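Reader: Could you take me through this one a piece at a time? Please begin with whatever term we are going to need.

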Amino acid sequence: EFVVPQFENDGTNYQINLWHRNLAGTWTKENVWTGTTEKYVEGAICRTGGNSWIMLLRSEANNGLYLTYSTDDRATWSTPAATGLGNTGRANADMCLDPDGNLIVIYMDRGADSIYITEGNVIADIIADPTDWNSSSQIFLSYTTDSLGVLGYPQIVRDGFYYTIAFSAEFSSGVADLYFGYGIIGLGG
C-alpha cells in the first residue's frame, strides 16, 4: 500500500490530504486538515508503528515545520502544531525510524543555509509535545565563497544502522547540485 501527502486549494480552503493506494490498485483521497488561514505544503509522512503516523509539513506563511499525527491508522489527525524546527527560513523535511523505533528527522533551514539531522526522538514524547525534540546536528553549512544556499527536499533512508541522505544545494554556477551522504547517525558521531 502507498500513502502520499498532498496540499490542495479548492478556491476557498487550504487542505492537507492523503492519497491512499490499496493493494487492488485503487486510489482514494483522505482529508487530514482543512482551514482558511494557513498553507501547509511539501509534506513528509512516516508510519511510526502499528496504527500511528506522523506527518511534517512546511508552513508557507510562517515558514518552519509543523507536525500532525494519527494514532488510529489515519482515521483522525491532530491539528497541525509548530515544531520549532527550521523557523528562520523555508524548510523541508524527511523522516525515518532508527533501529530502536525512534524518529529521526532531516530538515533544511533555508534561512540559515543549513541542513540538520535530529537524534532519535521517542514518538510518544513528540506526540505529547511537538516541540520536544532532541538536539540536532548540522551536516551542511553553505560555503562562504561560492554557495548560493541550500534548496531543499532532503531525503533519508535507513538500512540497518546505516543511513543514506540526499539533498540539493545551489552554487555560483546557478545549477542545483544533488549531494549524497552515507554513514551511521548517532553513536557519538
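Author: Strands here are DSSP runs of E with at least two residues, numbered from the N terminus. In those terms E42 belongs to strand 4, which covers residues 40-49. Please keep in mind throughout that this is a predicted model.

Reader: Understood. What is the phi of E42?

Author: The phi angle of E42 is near 55°, which is a positive value in a residue other than glycine. As for its surroundings, E42 is partly exposed, with a relative accessible area of 31%.

Reader: And which side chain does E42 meet in a salt bridge?

Author: E42 pairs with R58, with an N to O distance of 2.8 Å. Since R58 lies in strand 5 (residues 52-59) and E42 in strand 4, the pair ties together parts that are 16 residues apart in sequence.

Reader: Is R58 buried or exposed?

Author: R58 is buried, its relative accessible area being 3%, whereas its partner E42 is partly exposed at 31%.

Reader: How many salt bridges does a search of the whole structure find?

Author: Six salt bridges turn up when the whole structure is searched. One of them joins E8 to K29, where the closest N and O atoms are 3.0 Å apart. E8 sits in strand 1 and K29 in strand 3 (residues 27-35), so this pair ties together parts that are 21 residues apart in sequence. E8 is partly exposed, with a relative accessible area of 23%, and K29 is likewise partly exposed, at 42%.

Reader: Which residues are linked in a network of salt bridges?

Author: The network links E30, R47, D73 and R74. Within it, R74 forms a salt bridge with D73, and their closest N and O atoms are 3.7 Å apart. R74 counts as buried at 13% relative accessibility, while D73 counts as partly exposed at 30%.

Reader: Staying with D73 for a moment, where does it lie?

Author: D73 lies in the loop between strand 6 and strand 7, the latter being 81-82. The phi angle of D73 is near 60°, again a positive value in a residue other than glycine.

Reader: Changing topic to the cysteines, how many disulfides does the count come to?

Author: The count comes to zero disulfides. C46 is in no disulfide, and the nearest cysteine sulfur to it, that of C96, is 7.0 Å away. C96 is in no disulfide either, with the sulfur of C46 as its nearest cysteine sulfur, 7.0 Å away. The cut-off that matters for this reasoning is that a disulfide needs two cysteine sulfur atoms within 2.5 Å, so a pair beyond that does not count. As for exposure, C46 counts as buried at 8% relative accessibility, and C96 counts as buried at 8% relative accessibility.

Reader: Now strand 6, please: what does Y66 touch, not counting residues up to four places away in sequence?

Author: With those excluded, Y66 touches Y40, M55, L56, L57, S59, P80, A81, A82 and T83. Y66 is found in strand 6, which runs over residues 65-70, and it is buried, with a relative accessible area of 14%. One of those residues, A81, is 15 residues from Y66 in sequence, and the C-alpha atoms of the two are 5.2 Å apart in space.

Reader: And on the surface, which residues form a nonpolar patch?

Author: F2, V4, W19 and W27 form it, and together they have about 390 Å² of accessible area. Of these, F2 is found in strand 1, which takes in residues 2-9.

Reader: Let me step back to the overall fold: how many strands does the protein have?

Author: The protein has 14 strands, together with one helix. Its radius of gyration is 17 Å, close to the 16 Å that the globule rule gives for 189 residues, so the protein is as compact as a globular protein of that length. The C-alpha trace spans about 50 × 40 × 35 Å along its principal axes.

Reader: What share of the 189 residues counts as buried?

Author: Of those residues, 43% count as buried. The accessible surface comes to about 9,500 Å², and 49% of that belongs to carbon and sulfur atoms. Finally, among the contacts with a separation of 6 or more, 36% are accounted for by residues 24 or more positions apart.

Notes
Residues are numbered from 1 along each chain as its sequence is written. This is a predicted model: local features need pLDDT of at least 70, side-chain atom pairs count only at pLDDT 80 or more; totals for chains, interfaces and linings use all residues. Side-chain values use heavy atoms; hydrogens and water are left out. Patches are made of residues with over 30% relative accessible area and no salt bridge: like charges are joined within 9 Å, nonpolar side chains (Val, Leu, Ile, Met, Phe, Trp, Tyr) within 5 Å. Accessible areas come from the Shrake-Rupley method with a 1.4 Å probe; for residues, only the protein chains shown count as cover. A salt bridge is a side-chain nitrogen of Lys or Arg within 4 Å of a carboxyl oxygen of Asp or Glu. Helices (H or I, at least four residues) and strands (E, at least two) are DSSP runs, numbered from the N terminus. Buried means under 20% relative accessible area, exposed over 50%, partly exposed in between (1.4 Å probe, protein chains only). The radius of gyration is taken over C-alpha atoms; the globule rule is 2.2 Å times the number of residues to the power 0.38. Contact means heavy atoms within 4.5 Å.
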